[in-house]
Amino acid sequence: MSDTIAILPGDGIGPEVTRAAVRVLTQVRPDLTCEQAVVGGAALRAGMPALSGQARVLCDRSAGILFGSVGLPEFDGKPLAERPEYALFLLRRDYELYANVRPVRVFPGLEDASSLKAELVRGLDLVVVRELTGGIYYGQPKEQRVVDGIEEAVDTMLYRAPEIERIARVAFELARTRRKRVTSVDKQNILETSRLWRRVVERVAREYPDVALDHLLVDNAAMQLVRRPADFDVIVTENMFGDILSDEAAILTGSIGTLPSASLGTKRTASGQFGLYEPISGSAPDIAGQGIANPTAAILSAAMLLRHSLNDDANAQRIERAVERAYALGARTAELASETPPLGTDAFAATVLANLR
Ligand code: NAD
């Protein structure tokens with residue numbers, strides 16, 4: 001039986017870039033069954049919840065989810081359960097997608113698009129592994145209250161050793177397939193959770209003697225990322241630090257439209273790990289419907305799906321090399337084009353297709 005992939009295009013540029021990614025995915029793997037469901041604002045507009053029962057059933061029987069993006073200005077200000085983003089929240093929660101993996105690469109030829117000097121980002125190829133289901137975003141108590149007539153608020157940062165162990169393993173396993181270096185980021189000079197984090201990461205590291213481990217305090221990590229970004233291989237960190245550092249790492253590349261992500265959980269598929277794969281950007285309402293969005297992030301998300309959920313590294317690499325070739329040949333979408341006339345979303349995808357070997 002062929003593997004089913006859940007295609008959830010969502011809102012804004014989501015459907016445009018996802019269509020491009022599905023073209024590439026089905027070209028390299030025509031055996032896959034790609035089934036689509038409406039989520040996010042598109043579902044809400046049709047009178048359904050952001051994540052409908054039908055979409056959930058599709059995800060349940062799929063090997064992985066290729067997700068576009070969710071969010072529409074008309075739903076801003078509504079409570080979370082009535083907003084498009086609730087679809088993503090439920091998927092992350094219900095499939096316990098605890099590991100957010102964000103590769104950050106500067107493609108040869110795109111160095112000048114970075115906000116840093118070209119020589120600093122040349123060869124930049126790092127991955128941020130962010131813990132996604134614990135820490136201060138979820139710990140209890142978490143509330144605003146009035147005590148003795150004074151307003152106060154509390155958030156709780158809580159980690160248990162098993163949560164740290166499993167995310168550390170994701171980072172070390174990944175490092176083994178790359179340059180074999182893990183940088184763990186914490187704030188152990190101040191935070192108890194960070195002291196536990198560092199101890200557990202060091203414990204896990206003993207199982208990976210072939211991988212070098214170093215530690216950085218989060219404030220220093222933020223500086224080193226803009227000072228010597230090309231030195232990093234795999235960065236592993238807790239939820240809130242990862243939220244901030246992964247966005248900082250993302251802007252180093254010059255376009256948010258080039259960066260894919262995977263969110264992996266505990267569920268296994270026949271040949272790999274179930275996961276949700278999506279561009280790191282949002283729905284970009286400012287350019288939606290114009291056919292000019294960069295589909296690179298969506299196409300590379302499909303490559304990550306092949307690698308992690310279908311154990312198909314060969315085809316993942318085929319796609320990644322085709323994207324690389326497209327850039328090397330000068331293909332540029334509007335946000336990156338300076339000298340060459342820009343390609344639209346579909347034309348860029350066609351260039352990637354033409355460069356599949
Ligand atoms: P955004 O990432 O959608 O856009 C930021 C800027 O980057 C915009 O100028 C946009 O045009 C540009 N951009 C983004 N993707 C691009 C691409 N592929 N090609 C070219 N340019 C691209 O962030 P935002 O404007 O802050 O958010 C818009 C909506 O998306 C909001 O409703 C927000 O809640 C939602 N959002 C969703 C996700 C998600 O689905 N995972 C993530 C972030 C934001």
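**Group meeting: a walk through the predicted fold**

Val204 lies in helix H7. I start there, and I will work outwards. One caution before I go on: this is a predicted model.

So, is Val204 buried or exposed? Val204 is buried, and its relative accessible area is 1%. That falls under the 20% cut-off for a buried residue. Which residues does Val204 touch, leaving out those up to four places away in sequence? They are Glu165, Ala168, Arg169 and Phe172. Take Phe172. It sits 32 residues from Val204 along the chain, and the two C-alpha atoms are separated by 8.4 Å.

Now the helix itself. H7 covers residues 192-205 and packs on the sheet. Its contacts there are with strands E5 (125-131), E8 (181-186), E9 and E10 (234-237). Against E9, the direction of H7 makes an angle of about 170°. E8, H7 and E9 together make a β-α-β unit, and that unit is right-handed. How many bridges pair E8 with E9? There are 6, and the pairing is parallel. One pair to look at: Arg181 has Ala212 in E9 as its bridge partner.

Next, the sheet as a whole. It is open, and 10 strands form it. Read across, the order is E2-E1-E3-E12-E11-E4-E5-E10-E8-E9. The pairing is mixed. Which strands stand at the edges? They are E2, residues 33-36, and E9, residues 212-217. Each has a single partner strand, so one side of each is left without a neighbour in the sheet. On average, neighbouring strands are turned by 20° against each other, direction ignored.

Let me move to the E2 end. E1 and E2 run parallel, joined by 4 bridges. Ile5 has Cys34 in E2 as its bridge partner. Here too there is a right-handed β-α-β unit, made by E1, H1 and E2. Helix H1 takes in residues 14-28. It lies across E1 (4-10), E2 and E3, and it runs at about 145° to E3.

Further in, we reach E3 and E12. E3 is residues 64-69, E12 is residues 273-279, and the two run parallel. How many bridges join them? The count is 2. Leu66 stands opposite Tyr277 in E12.

Leu66 leads back to helix H1, through Thr18. Thr18 is in that helix. It is buried, with a relative accessible area of 3%. Leaving out residues up to four places away in sequence, Thr18 touches Ile7, Pro9, Leu66, Phe67, Gly68 and Ala298. For a distance across the model, take Thr18 and Gly77. They are 59 residues apart along the chain, and their C-alpha atoms are separated by 27 Å.

Now some backbone details. Where is the cis peptide bond? It joins Gln140 and Pro141, with omega about 0°. Pro141 is in strand E6, residues 139-147.

Two residues with positive phi come next. Glu96 is not a glycine, yet its phi is positive, about 45°. It is found in the loop between helix H4 (86-94) and strand E4 (99-105). Glu96 is partly exposed, at 34% relative accessible area. Then Asp148. Its phi is near 50°, again positive in a residue other than glycine. Asp148 lies in the loop between E6 and strand E7, which is residues 150-156. Why does Asp148 count as exposed? Its relative accessibility is 77%, and exposed means over 50%.

Last, the chain as a whole. There are 12 helices and 12 strands. What radius of gyration does the chain have? It has 20 Å; a compact globule of 357 residues would be near 21 Å, so the two agree. The C-alpha atoms fill a box of roughly 60 × 50 × 45 Å along the principal axes.

Buried residues make up 53% of the 357. About 15,500 Å² of the chain is exposed, and carbon and sulfur atoms supply 52% of that area. On contacts, consider those with a separation of 6 or more. Residues 24 or more positions apart account for 76% of them.

To close, back to the start: Val204, buried, in helix H7, which packs on the sheet.

Definitions and conventions:
Residues numbered from 1 in each chain as written. Predicted model: local features only at pLDDT ≥ 70, side-chain atom pairs only at ≥ 80, totals over all residues. Heavy atoms only, no water. Pairing = 2+ DSSP bridges. Axes fitted to C-alpha atoms, helices over the stretch in contact; angles between N-to-C directions. Contact = heavy atoms within 4.5 Å. Right-handed = clockwise from strand over helix to strand, strands pointing away. Rg over C-alpha atoms; globule rule 2.2 N^0.38 Å. Buried < 20%, exposed > 50% of the residue type's maximum accessible area, 1.4 Å probe, protein only. Areas by Shrake-Rupley, 256 points an atom, 1.4 Å probe, with all protein chains shown as cover.
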